[in-house]
Amino acid sequence: MNLRRDVFQAIADPTRRAILLLVASQSMTAGAIASNFDTARPTVSKHLQILTECELLGQEQQGREMYYHLNPQKMKEIADFIEPFRKMWDDRFNKLESIMKKYKTKK
Amino acid sequence: MERKTKITAEEGKHDLLITREFDLPVELLFRAHVEPDIFEQWMSHDYGTTKVKKLEARAHGGWLFQTSDLQGNVVFQANGVFHDFEPNKKITRTFEMNNTPFPVQLEFLDFSELTEDTSKLTIHVIYKSIELRDQMLKMPFSQGMNMAHNRLQEIVHKLK
């Protein structure tokens, strides 16, 4: 099965959300990240791979170690994803309000 | 006072809350939802006109509305049934988009009076699954894109 990898799918998993929280404060190696979980190391690697593919995590080579860091730009996209939906309702309700104000003055 | 629409959609849940405070008495807020000519006004926009085909404002009554583009083609239709209907208090209804694979959703509309001249609307929407809710949240954006495209097409037609 070919799973579509989008950011929303990426953050649906609790372990991946925990990883994002971990690296939010400082960049970490895969080993350091894995040590925070009871999950098997390959499982954590898989999560890191998914998060990297979705660009939620960035990688940086420092000496022999690969460090993972949070991509704030991508995180912002998630925060914003509800905005078009909210805006649609806000526009509708603003219109409702201005229309009904006319009825109010007619009374 | 800031009057802004708020959306609460907790992760991993199949529902969401839409809340908004209005600078209107609750009676007017309610009327806007049940009188077809008023409903048509606030549900229409520059690139589409909404027409109410059916609105039986009572428990077990049905409703149907259509949105047409500027050429008059019906681009969107939705229908449902009112399950609970209490003037100026609440409406419980189903909502389903015609000709789409999306299943029916359940909507609880609560109207409350804040002061004589202000009111609050809370819409609690329940979807069949978490995935469907998240898809629906992303939909207005793609719809907006389609409409922008239609508009573009219209402008281009005029240039011809």
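Reader: Which residue in β7(B) is the bridge partner of B:Thr94?
Author: This is a predicted model, in which local features need pLDDT of at least 70 and side-chain atom pairs count only at pLDDT 80 or more, while totals for chains, interfaces and linings use all residues. Residues are numbered from 1 along each chain as its sequence is written, with chains lettered from A and ligands numbered from 1 in the order in which they are written. Strand β6 (residues 90-97) and strand β7 (residues 105-113) of chain B pair in the antiparallel sense over six bridges, where two strands pair if DSSP finds at least two bridges between them, and helices (H or I, at least four residues) and strands (E, at least two) are DSSP runs, numbered from the N terminus. Within β7(B), the bridge partner of B:Thr94 is B:Leu106.

Reader: Which residue of β8(B) stands opposite B:Leu106?
Author: Strands β7(B) and β8(B) run antiparallel and are joined by eight bridges, and they form a hairpin with five residues between them. In β8(B), the residue standing opposite B:Leu106 is B:Ile126.

Reader: In what order do the eight strands of the open sheet in chain B follow one another?
Author: The edge strands, each of which pairs on one side only, are β1 (6-8) and β3 (49-55) of chain B. The twist averages 20 degrees from one strand to the next, a value that belongs to angles running from 0 to 180 degrees between N-to-C directions, with axes being lines fitted to C-alpha atoms, for helices over the stretch in contact. The pairing in this open sheet is antiparallel, and the order of its eight strands is β1-β2-β8-β7-β6-β5-β4-β3.

Reader: At what angle to β7(B) does helix α1 of chain B run?
Author: Helix α1 (residues 26-34) is one of the three helices that chain B has beside its eight strands. This helix lies across β2 (15-22), β3, β6, β7 and β8 (119-126) of chain B, where two residues are in contact if their C-beta atoms, placed from the backbone, lie within 7 Å. Relative to β7(B), the direction of helix α1 is about 155 degrees.

Reader: Which strands stand at the edges of the sheet in chain A?
Author: Chain A has an open sheet of three strands in the order β1-β3-β2, with antiparallel pairing. Each edge strand has a single partner strand, so one side of each is left without a neighbour in the sheet, and these strands are β1 (28-29) and β2 (57-62).

Reader: Which residue of β3(A) stands opposite A:Thr29?
Author: Two bridges join β1(A) to strand β3 (residues 65-70) of chain A, and the two strands run antiparallel. Opposite A:Thr29 in β3(A) stands A:Tyr67.

Reader: At what angle do the axes of α2(A) and α4(A) cross?
Author: Helix α2 (residues 14-25) of chain A packs on the sheet and touches β1, β2 and β3 of chain A. In the contact with α4(A), A:Thr15, A:Arg16 and A:Ile19 of α2(A) meet A:His47, A:Leu48, A:Ile50 and A:Leu51. The axes of α2(A) and helix α4 (residues 41-53) come within 10 Å, and the angle at which they cross is roughly 70 degrees.

Reader: How wide an arc around the axis do the buried residues of α2(A) cover?
Author: A residue is buried if 20 or more other C-beta atoms lie within 10 Å of its own, exposed if 12 or fewer, and partly exposed in between, with C-beta atoms placed from the backbone. In α2(A) the buried residues are A:Arg16, A:Ile19, A:Leu20 and A:Val23, whereas on the other side A:Pro14, A:Leu21, A:Ala24 and A:Ser25 are exposed. The arc is that of the directions from the helix axis to the C-beta atoms. The buried residues lie on the same side of α2(A) because they cover an arc of only 100 degrees.

Reader: Is B:His60 buried or exposed?
Author: B:His60 lies in the loop between β3 and β4 (62-68) of chain B, and it has a positive phi of about 75 degrees although it is not a glycine. Since B:His60 has 10 C-beta neighbours inside 10 Å, it counts as exposed.

Reader: Which helix gives the largest share of the side of chain A that touches chain B?
Author: In total, 19 residues of chain A are in contact with 22 residues of chain B. The largest share of that side of chain A, 16 residues (83-106 being the range of the helix), comes from helix α6.
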